[in-house]
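Thanks for asking me to look this one over. My comments follow as numbered points, and I hope they help when you go through the coordinates yourself.

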Amino acid sequence: MKLPSNFYKPLAIGAPLPIRELPARPERMIHFFPPHNEKMRSKVPDLITAVDVLLGNLEDAIPADAKEAARAGFIEVAKRFDSPETGLWVRINALNSPWVLDDVLEIVSAVGNKLDVMMLPKVEGPWDIHFLDQLLAQLEAKHSVTKPILIHAILETAQGVKNVEAIASASPRMHGMSLGPADLAASRGMKTTRVGGGHPFYGVLADAGEGEEKRAFFQQDLWHYTVGRMVDACVSSGIRAFYGPFGDFSDDQACEAQFRNAFLQGCVGAWSLHPRQIEIAKRVFSPDVAEVRFAKRILEAMPDGTGAAMIDGKMQDDATWKQAKVIVDLAKLVSKKDPAFAAAYGL
Ligand code: GLV
Ligand code: MG
């Protein structure tokens with residue numbers, strides 16, 4: 001076992017010191033773009049101001065014969081990237097793929113000082129994180145990268161879910177984790193062809209009545225269990241949980257409902273795969289105005305966070321004070337980036 005005293009030491013001589021706390025910034029949407037596509041690259045300047053995180057996707061959805069062009073396209077975008085308010089991430093190929101080594105070597109050598117986070121797909125256990133952690137430290141040292149590149153794991157295999165706690169606490173380089181419902185469904189043998197969201201057959205049937213009336217059927221959230229496990233693993237390790245992709249671009253309502261479940265369960269953001277999902281994620285992952293205003297009243301009623309108070313007939317105590325603080329802290333973070341929300345929240 002690695003000694004706890006070594007946990008925060010750099011893994012290579014000359015690599016930057018690992019961070020002890022994640023930078024505080026809104027990450028409501030991780031917006032994916034395909035960097036091999038020149039038209040998409042030309043839209044990046046507009047996207048940068050619209051999103052919290054911009055991610056160049058090198059993995060699934062990029063054809064095998066465009067992998068190198070995608071890597072080169074991402075490096076080109078990253079070289080020009082100069083927007084400290086927006087995160088710059090890349091999703092590299094899986095560790096067992098023929099492309100991943102060059103993804104990491106070329107990206108860190110060319111733009112290591114521009115990159116905030118490397119998203120690693122198909123993480124099965126902490127050994128995958130340790131491998132990338134060590135490699136990144138060597139490359140950071142070699143290329144004089146001054147701040148550690150963080151790792152974001154995609155939770156998308158049955159074994160990954162089994163090992164979710166160990167993955168979350170594998171390294172101080174861990175930024176967070178996203179649910180990958182498509183690969184996870186395949187890995188588990190779930191019987192759905194959808195990318196995220198519910199399924200009309202997964203639900204609970206109301207009890208039979210006396211007569212012939214139609215029994216109500218309540219659709220349930222297929223991802224509830226996994227999101228719950230992921231949130232507990234992440235938050236207990238001081239890192240962030242995200243919902244991943246929602247693939248039906250024709251159903252914004254379902255996308256919003258799925259994102260909102262994840263938000264209420266503790267996720268801080270989701271992926272946007274289509275520009276129309278940017279606004280959905282912004283709406284969902286920025287706290288509700290009425291909720292923020294009520295939370296502010298709780299904090300004002302209990303300035304030192306202890307005791308009890310009644311507000312509009314609702315009991316408040318130390319625990320609800322903490323709940324309120326979660327919401328107000330998030331509202332403050334969003335307000336710093338988004339003046340329209342600051343005005344609505346009265347912050
Ligand atoms: C995302 O990568 C997924 O597999 O859902
Ligand atoms: Mg996947």
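1. Let me start with a question: which residue in strand 9 is the bridge partner of Ser 178? The partner is Phe 242. Please keep in mind throughout that this is a predicted model. The pairing of these two residues belongs to a wider contact, in which strand 6 and strand 9 (residues 240-242) run parallel and share three bridges.

2. Strand 6 covers residues 174-179, and six of its six residues are buried. On strand 5 (residues 150-155), five bridges link up with strand 6, again in the parallel sense. If you want one pair to look at, take His 152, whose bridge partner in strand 6 is Gly 176.

3. Strand 5 deserves a point of its own. It is mostly covered, with six of its six residues buried. In a regular strand, side chains alternate between the two faces of the sheet. Here both faces are covered: Leu 150, His 152 and Ile 154 are buried on one side, and Ile 151, Ala 153 and Leu 155 are buried on the other.

4. Strand 5 also pairs with strand 4 (residues 117-120), through four bridges and in parallel. Val 117 has Leu 150 as its bridge partner in strand 5. Leu 150 is also among the buried residues of strand 5.

5. Now to the metal. Which protein donors does the magnesium ion (ligand 2) have? They are Glu 156, through OE, and Asp 183, through OD, lying 2.1 Å from the ion. Glu 156 sits in the loop between strand 5 and helix 6 (158-162) while Asp 183 is in helix 8, so the pair ties together parts that are 27 residues apart in sequence. As for accessibility, Glu 156 is buried, because its relative accessible area of 4% is under the 20% limit. Asp 183, at 24%, counts as partly exposed. Water is not among the atoms, so the site may look incomplete.

6. The largest pocket holds about 1,300 Å³ of space. It is lined by 45 residues, and those closest to its centre are Arg 240, Gly 266, Val 268, Val 326 and Leu 330. The lining divides into 25 nonpolar, 14 charged and six polar residues.

7. Where does the largest pocket lie with respect to domain 1 (4-285) and domain 2 (291-345)? Both domains give residues to its lining, so the pocket lies between them. At least two lining residues come from each of strand 9, helix 10 (252-265), helix 11 (276-285), helix 12 (289-301) and helix 13 (318-337). Helix 13 gives the most, with eight residues. Strand 9, you may recall, is also the parallel partner of strand 6.

8. The second largest pocket has about 490 Å³ of space. Its lining is made of 26 residues, with Phe 32, Asn 57, Asp 60, Ala 61 and Leu 273 nearest the centre. By type, the lining comprises 15 nonpolar, six charged and five polar residues. Strand 1 (29-33) and helix 8 (181-188) each supply at least two of the lining residues. Helix 8 is also where the magnesium donor Asp 183 is found.

9. Two backbone angles are worth a look. Ser 144 has a positive phi of about 50° although it is not a glycine. Its place is in the loop between helix 5 (126-142) and strand 5, and it is exposed, with 51% relative accessible area. Asp 312, not a glycine either, also has a positive phi of about 50°. Asp 312 is in the loop between strand 11 (308-311) and strand 12 (314-317), where it is exposed at 52%.

10. Last come two glycines. Gly 14, in the segment before strand 1, is exposed, with a relative accessible area of 59%. From Gly 14 to Ala 281 the C-alpha distance is 39 Å, with their positions 267 residues apart in sequence. Gly 247 lies in the loop between strand 9 and helix 10 and counts as partly exposed, at 34% relative accessibility. The C-alpha atoms of Gly 247 and Glu 27 are separated by 20 Å, and the two residues are 220 residues apart along the chain.

Definitions and conventions:
Residues numbered from 1 in each chain as written. Chains lettered and ligands numbered in written order. Predicted model: local features only at pLDDT ≥ 70, side-chain atom pairs only at ≥ 80, totals over all residues. Heavy atoms only, no water. Buried < 20%, exposed > 50% of the residue type's maximum accessible area, 1.4 Å probe, protein only. Pairing = 2+ DSSP bridges. 1 Å grid on protein atoms, 1.4 Å probe; cavity = no way out; pocket = protein on both sides within 12 Å on 5 of 7 lines; lining within 4 Å. Points joined across faces, edges and corners; volume = space filled by probe spheres on them. Nonpolar A, V, L, I, M, F, W, Y, C, P; charged D, E, K, R; others polar. Domains from an automatic or database assignment. Donors = N, O, S within 2.8 Å, 3.2 Å for Na, K, Ca; no water.
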